[in-house]
Amino acid sequence: MKWWNAWRSERHPFPAEAWAEGLARVPLLQALPEEDVRRLGERAWSFLRRKRLALFDDELFDLPARLALVAQACLMTLHWSEDEARDAFANVHEVRVLPEAFRRKVEEMDEAGVIHEYEDERVGETWHQGPIVLALSDIQESGDWGGFNVIIHEFAHKLDMGNSLDADGFPPLPRAIDARDWHRVFTGVWDDLQAHLARGEAPPIDDYAASHPGECFAVCCEYFFTAPDILDAAYPELYALLARYFRQQPLQRCPSH
Ligand SMILES: [Zn+2]
């Protein structure tokens, strides 16, 4: 060990016990092989030391809970190199947790010029260079194998914003993935979602994916990591594309598979 690393790790010894406890609270992470668990713990610990976690109540989040929270974000880039993972979330400076599900009022004008006001049901919010904002109740609902994970959803938007100010469903791609393939596969999914809705049928994944290309990418990431069996059954080409993008096969560790 270099003296610098030795000095650093002495100042910030890895909290092995807290990590084990955090892990025990998140079924999604328990399925990981040992080597991944070790690496994920180190990445989550490093993330916590580099980024600000703003909590409305410090008591509510002990160290295991903090590690468990950021580990679900670090899971996404787990099989990327350390540099790639750090760059991918360079635009994340702060993660803010709010007590209640906060809803945004959305105004939309229809073709007749009538303004409709409704409440955006989706919680969590992310914008370029801004903090990631999460509702406590959504964090508590995340962590299972079920297709919903607000942490993965919001961090997917940050990945997406790695090359643009908006989440447009087109994150920076590794050289191994052709942008035309990405476009073709996602367009196919998008068209299928729209076709389901036009027929009045429920799409195979959350219909929030059909609201915007950026939401399509974020929702597909949620399914990829927390309900890969559903994603693979509905859109095998998309599952395979995301497996290449994330360099992971969550299907192999998914308990219902
Ligand atoms: Zn979103």
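Reader: Which protein donors hold the zinc ion?
Author: The model is predicted. The donors lie 2.1 to 2.8 Å from the zinc ion. They are His153 (NE2), His157 (NE2), Glu215 (OE) and Glu215 (OE).

Reader: What is the arrangement of the four donor atoms around the zinc ion?
Author: Tetrahedral would need all angles between 85 and 135 degrees. The angles here run from 51 to 142°. The arrangement is therefore irregular.

Reader: How are the donor residues of the zinc ion spaced in sequence?
Author: Histidine 153 belongs to helix H8 (residues 150-160), and glutamate 215 to helix H10 (residues 213-226). That pair links distant parts of the chain, 62 residues apart. The full spacing of the donor residues reads H-x3-H-x57-E.

Reader: Is histidine 153 buried or exposed?
Author: Buried means under 20% relative accessible area. Histidine 153 has 2% relative accessibility, so the residue counts as buried.

Reader: And glutamate 215, buried or exposed?
Author: The cut-off for buried is under 20%. Glutamate 215 has a relative accessible area of 15%, so this donor residue is buried.

Reader: How do phenylalanine 217 and tyrosine 245 pair?
Author: The structure holds 14 aromatic pairs. In this one, the ring centres are 6.3 Å apart. The planes meet at 75°, and the pair is edge-to-face.

Reader: Which helices hold phenylalanine 217 and tyrosine 245?
Author: The two residues are 28 apart in sequence, so their pair ties together separate parts of the chain. Phenylalanine 217 is buried at 0% relative accessible area. Tyrosine 245 is buried at 2%. Phenylalanine 217 lies in helix H10, and tyrosine 245 in helix H12 (residues 236-246).

Reader: What is the angle between the planes of tyrosine 245 and phenylalanine 246?
Author: Phenylalanine 246 is buried, with 0% relative accessible area. Its ring and that of tyrosine 245 are 4.7 Å apart, centre to centre. The pair is edge-to-face, with planes at 70°.

Reader: Which residues do ring pairs link into a cluster?
Author: Phe217 and Tyr245 are among them, as is Phe246. The cluster joins Trp80, Trp182, Phe186, Phe217, Phe224, Phe225, Tyr239, Tyr245 and Phe246.

Reader: At what distance from the ring centre of phenylalanine 47 does lysine 51 lie?
Author: A charge over a ring must be within 6 Å of the ring centre. Lysine 51 lies over the face of phenylalanine 47, and the distance is 5.6 Å.

Key: Residues are numbered from 1 along each chain as its sequence is written. This is a predicted model: local features need pLDDT of at least 70, side-chain atom pairs count only at pLDDT 80 or more; totals for chains, interfaces and linings use all residues. Side-chain values use heavy atoms; hydrogens and water are left out. Donors are N, O and S atoms within 2.8 Å of the metal (3.2 Å for Na, K and Ca); water is not among the atoms, so sites may look incomplete. Four donors count as tetrahedral if all angles lie between 85 and 135 degrees; four count as square planar and six as octahedral if opposite donors are over 155 degrees apart and all others between 65 and 115; anything else is irregular. Helices (H or I, at least four residues) and strands (E, at least two) are DSSP runs, numbered from the N terminus. Buried means under 20% relative accessible area, exposed over 50%, partly exposed in between (1.4 Å probe, protein chains only). Rings of Phe, Tyr and Trp (its six-membered ring) pair if their centres lie within 6.5 Å; planes under 30 degrees apart count as stacked, over 60 as edge-to-face and the rest as tilted. A charge sits over a ring if NZ of Lys or CZ of Arg is within 6 Å of the ring centre and within 35 degrees of the ring normal.
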